[in-house]
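Dear colleague,

I am handing over the structure that follows, and below it I have set out what was found in it. Please read the notes with the coordinates open beside you.

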Amino acid sequence: MNENIILQTRNLKKYYGKGETQVHALDGINLEIEVGKFVAIIGTSGSGKSTLLNMLGGLDTPTSGTVTIGNTEVSELKEEQLTVFRRRRIGFIFQNYNLIPTLNVWENIIFPIAMDGQKPDKKFIEEIVGLLGLQKKIYSLPNNLSGGQQQRVAIARALASKPDIILADEPTGNLDSKTSDNVIHLLQMTSQKFQQTIIIITHNPEIAQLTDQTIRIEDGQIVS
């Protein structure tokens, strides 16, 4: 694979069910994304965006086809290898935050790094915390945070380990417009500063316009 390409899919398919009721959630996706690019995936509800994101992150197995990150074909990894690979190479930002309720904000942010037995880059994480306006909430538990604050913690956690790729599913969906702008600019900045590749699913055309590349999906296929 070209060294400028961080992520590649070849004829990626995901089918559910059989016979006449079979659903082609992804139907032959061929994709190449370069290192350090900020990419938006757009499309109507049910077009296959989230399915694609799950495939790219190794959270789901394709019916056929391949997903390659760097020099690693993700679908060939065994479950244990895949878990370690995801933790080290991919940052996830989910719509439902996935924060651990018994850990405070700081502990949630560094949790994947600690799980990997690594030492967090405290200065870098403090910079992220400051940019996301979480300084005063660092010792708070998730149930004492608003939805928007929880989303910002999830974003900080994804950035903290400096992964190669960040996959974000509607990361600004629950945020007010000012915080949403801050989040997008933060993602843009980290993409440029750390050569991180960021792939974001969004319904918001204004956000898509701020990215380097926009991929539109309809009926499980790339249309533009």
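I begin with a pair of helices: in this predicted model, helix α4 (residues 122–131) and α5 have axes that come within 10 Å and cross at roughly 150°. That angle is over 145 degrees, the cut-off for the term, and therefore α4 is roughly antiparallel to α5. The crossing of these two helices, α4 and α5, is right-handed. On the α4 side the meeting residues are F124, I125 and I128, and on the α5 side they are A156, L159 and A160. By class, the residues of this contact between α4 and α5 comprise six nonpolar, no polar and no charged.

The loop between α4 and α5 holds S140, and this residue, S140, is buried, with a relative accessible area of 17%, a value that earns the term because buried means under 20%. Leaving aside residues up to four places away in sequence, S140 touches N104, V105 and L145.

Helix α5 also has a second helical partner, for its axis and that of helix α6 (residues 177–194) come within 12 Å and cross at roughly 0°, and α5 and α6 are therefore roughly parallel to each other. R152, I155 and L159 of α5 make this contact together with T179, V183, L186, L187 and T190 of α6. The residues of the contact of α5 with α6 divide into five nonpolar, two polar and one charged. L159 is named in both places, as it meets α4 and also takes part in the contact with α6.

Turning to the sheet, helix α5 (residues 147–160) lies across β6 and β7, and runs at about 175° to β6. These two strands belong to an open sheet of six strands with mixed pairing, in the order β6-β7-β8-β3-β9-β10. At the edges stand β6 (90–93) and β10 (221–222), each of which has a single partner strand, so that one side of each is left without a neighbour in the sheet.

Strand β7 has a neighbour on either side in that order. β6 and β7 run parallel and are joined by four bridges, and F92 has L167 in β7 as its bridge partner. Strand β7 (residues 165–169) and strand β8 (residues 197–201) likewise run parallel, here with five bridges between them; I165 has T197 in β8 as its bridge partner, while L167 stands opposite I199 in β8.

How many of the residues of β7 are buried? Five of the five are, so β7 is largely enclosed by the rest of the structure. In a regular strand the side chains alternate between the two faces of the sheet. In β7 both faces are covered, with I165, L167 and D169 buried on one side and I166 and A168 buried on the other.

There is also a hairpin to look at, formed by β1 and β2 with six residues between them, and in its turn G17 has a positive phi of about 80°. Strand β1 (residues 5–16) and strand β2 (residues 23–34) pair in the antiparallel sense over nine bridges, and within this pairing Y15 stands opposite H24 in β2.

With best regards

Key. Residues numbered from 1 in each chain as written. Predicted model: local features only at pLDDT ≥ 70, side-chain atom pairs only at ≥ 80, totals over all residues. Heavy atoms only, no water. Pairing = 2+ DSSP bridges. Contact = heavy atoms within 4.5 Å. Axes fitted to C-alpha atoms, helices over the stretch in contact; angles between N-to-C directions. Parallel < 35°, antiparallel > 145°, perpendicular 65-115°, else oblique. Left-handed = near helix turned anticlockwise from the far one by under 90°. Nonpolar A, V, L, I, M, F, W, Y, C, P; charged D, E, K, R; others polar. Buried < 20%, exposed > 50% of the residue type's maximum accessible area, 1.4 Å probe, protein only.
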